[in-house]
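Please keep the model open in a viewer with a selection box at hand, and follow the stops below in order. Each stop names what to select and then says what is there.

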Amino acid sequence: MKSKSRKTAANTRFAYKINVPLIVYLCCVLVFPVCWGIYISFTNKTIGGDASFIGLRNYERLLKDPEYIRSIVNTLKFTVISILAKTLLGTAMAMALNVDFKGRNICRALLMIPWTLPNIVVVYNWRWIFDANSGIANHLLKSLGLIDKNLVWFGSAGLAMLTIIIANVWRGTPFFGISILAKLQTISDSYYEAAQIDGANALQRFLYVTLPEIKDVIILSAMMSTIWTINEFETVWLLTGGGPNGSTEVMNVYSYKTAMRSMQLGRGIAVSVLALPVFILLISLLTRRMLPEEEGMQKKRRLGRGRK
Amino acid sequence: MKRKLRNKILHRIFIALCLIVALGPIYWMLNTSLKSEAEIYYKIPTLWPEHVTLDSYKYLLTGTNFLNGIKNSLIIAVFVSLFSIFVAYPAAYVLARLQFKGKRVFSKTILFMYLLPTSVLYIPLYIFVARLGLTNNIWGIMLIYPTFTLPYVAWILIPHIASISSTLEEAAYIDGCSKFQTMYRIIFPLALPGIISTTIFAFAMCWGEYLYALVNLISSEVQTFPLVLSGLIFGDMPPWNQLMAGAIMASVPILIIYMLASSSLVGGATAGGVKE
């Protein structure tokens, strides 16, 4: 027992010593700037200007600013619809790829491509596809007889929101698909056979065999994707610029405009700080799910202590 | 039997639909890049270019700053991904292999930093870099990018290292190897496939990064390719053929290395995925 604790002590020393570069780097370039940033959100710092402490004034002004409130509503709308679409489409994609067929591997690789492309490339491509005069989207819809006049995609609130959702969903779905597929492939065939013998139809097999198995990975993917989607900036900024009339202005576009265009750095950071509790909540839910093994060990240890 | 056949047909149709939706836009990108400036603004878009021309590629490479942007992106992405592997590997190693005090807090902190979105960080880091006098400097960006690649690499490498059998390690201890030697001379080579694919993903994260670059890089000689591409857009009729040519050229290297690394991508996706 004694030698074991001595070994742990040696391990501890080694673990931290070997990671000094990492710890120092992240403290200097990540932790310190964030703490400093939180302080600056309580000042009236502008680009090139000095900062003086103004307490909660930035936060008060934000919460009274209808443009800020609208940006939060837009972010929620954008995130909820995108995540729902990505979850449904990703599950369908995974189920389809879980069937054995010729060319499955090549299909899987091809369907992954949208996820691997640099986002900026994807965004510009959609902007061109939805071009009002020469875009292929209008042409296709016209030749299918669904519309008879060119739609101005970036000119109306609903359509502009639809374009940013499409751009986000197109690129994000393969992440769900591939994550869910990895889990699907671990489900034993005997479960399905047993269900079939019991007379379960396809829907019942999905609801009672597949879904319980893939529920966790769906939730995990959805939570990670939620963080990324709330964090979305360039899709919106380069596609619609937040327009028309702010109808697609999401939180990050608002914070970018405030900090970099109006040069109100303090208020810009306040936007991020107000979102921080949401991120922290999501991240801690995620960490709990992603570190399940040790959690279990701790619980056991806690139980053991209780019994004594 | 009939039902089975019907299901089979429906399944193939669904797969085909997925492929069309996933690849159609990419085909359109390629198609546009091969057209002349006049042809892209035809009233009825041509599904195959009337006159296939490489003019847009030629113009992009010779008449614009694009090549310089690619060079800058390449320097930054290579430097940051290699730096991240060497600094983050020890963290992944100790988290995968050793029992030590504060391990749980350590791994939680890494995961937390990995998931922390850029929106929280970009303004504080802008101020930080400005204070160091590194705004509008490639070094400023190379200082910032490890804030997301380091935690990512450390986190993603853990399962790769944990999957290596510990018997070799024990043998090395018995032969008198120190922990340091074991870490670099025994485990590092064995984990190399995982290390290479992780390096590729870290590279890809830096390659297309936009927000930090937009905020910190201003003058044309330091701009990365995403900024050069967005600089092409002005007026009502942007040169879409050139933009799409740039998009193709920026995507091809990434696609190639992804395909090479795709075997580890499939298994590793749920272990952490790639940051958007």
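**First stop: a kinked helix in chain A**

In H10(A), a kink of about 55° lies at A:Leu211, shortly before the proline A:Pro212, the bend at a residue being the angle between axes fitted to the seven residues ending there and the seven starting there. This is a predicted model, in which local features need pLDDT of at least 70 and side-chain atom pairs count only at pLDDT 80 or more, while totals for chains, interfaces and linings use all residues. For making selections, residues are numbered from 1 along each chain as its sequence is written, and chains are lettered from A and ligands numbered from 1 in the order in which they are written.

Select residues 202-230 of chain A to see the whole of H10(A), whose end C-alpha atoms span only 35 Å, where a straight helix of 29 residues would span 42 Å at 1.5 Å a residue; the expected span is 1.5 Å times one less than the number of residues. Helices (H or I, at least four residues) and strands (E, at least two) are DSSP runs, numbered from the N terminus.

Next, colour H10(A) by burial, where a residue is buried if 20 or more other C-beta atoms lie within 10 Å of its own, exposed if 12 or fewer, and partly exposed in between, with C-beta atoms placed from the backbone. Among the buried residues of H10(A) are A:Thr210, A:Ile214, A:Val217 and A:Trp228. An α-helix has 3.6 residues a turn, so residues three or four places apart point the same way. The cover over the buried residues of H10(A) includes helix H4 (66-97), helix H8 (157-184) and H13 of chain A, together with H5 of chain B.

**Second stop: H6 of chain B**

Select residues 118-131 of chain B, which form one of the elements on the side of that chain that touches chain A. H6(B) has 14 residues and reaches 19 Å from its first C-alpha to its last, close to the 20 Å expected at 1.5 Å a residue, although H6(B) bends by about 25° at B:Pro124. Twelve of the 14 residues of H6(B) are buried, and they pack against helix H2 (20-40), helix H12 (251-261) and helix H13 (265-290) of chain A, as well as helix H7 (138-144), H8 and H12 of chain B.

Which residues does B:Pro124 touch, not counting residues up to four places away in sequence? They are A:Pro33, A:Val34, A:Trp36, A:Gly37 and A:Ile269, a contact being two residues whose C-beta atoms, placed from the backbone, lie within 7 Å. B:Pro124 is buried because 23 other C-beta atoms lie within 10 Å. For another proline, select A:Pro277 in helix H13 of chain A, which counts as exposed because it has 9 C-beta neighbours inside 10 Å. Just after H6(B), B:Gly133 has a positive phi, near 75°.

**Third stop: the side of chain B that touches chain A**

Widen the selection to the interface, where 74 residues of chain B are in contact with 71 residues of chain A. H14(B) gives the largest share of chain B's side, 13 residues. By class, that side has 54 nonpolar, 14 polar and six charged residues, where Ala, Val, Leu, Ile, Met, Phe, Trp, Tyr, Cys and Pro count as nonpolar, Asp, Glu, Lys and Arg as charged, and the others, Gly among them, as polar.

**Fourth stop: chain B as a whole**

Show chain B alone: it has 14 helices and zero strands, and its C-alpha atoms fill a box of roughly 75 × 70 × 30 Å, taken along the principal axes. Of its 276 residues, 47% count as buried. Chain B is divided into domain 1 (2-33) and domain 2 (55-268), with bounds that come from an automatic or database domain assignment. The centres of these two domains, taken over C-alpha atoms, are separated by 33 Å, and four residues of domain 1 are in contact with seven residues of domain 2.

**Last stop: confidence**

Finally, colour by pLDDT, the predictor's confidence in each residue, from 0 to 100. The mean pLDDT of chain B is 86, and 94% of its residues reach 70 or more; confidence is highest in H7(B), at a mean of 94, and lowest in H14(B), at 78. Select residues 265-276 of chain B with caution, as pLDDT stays under 50 there. The model scores ipTM 0.86 and pTM 0.87.
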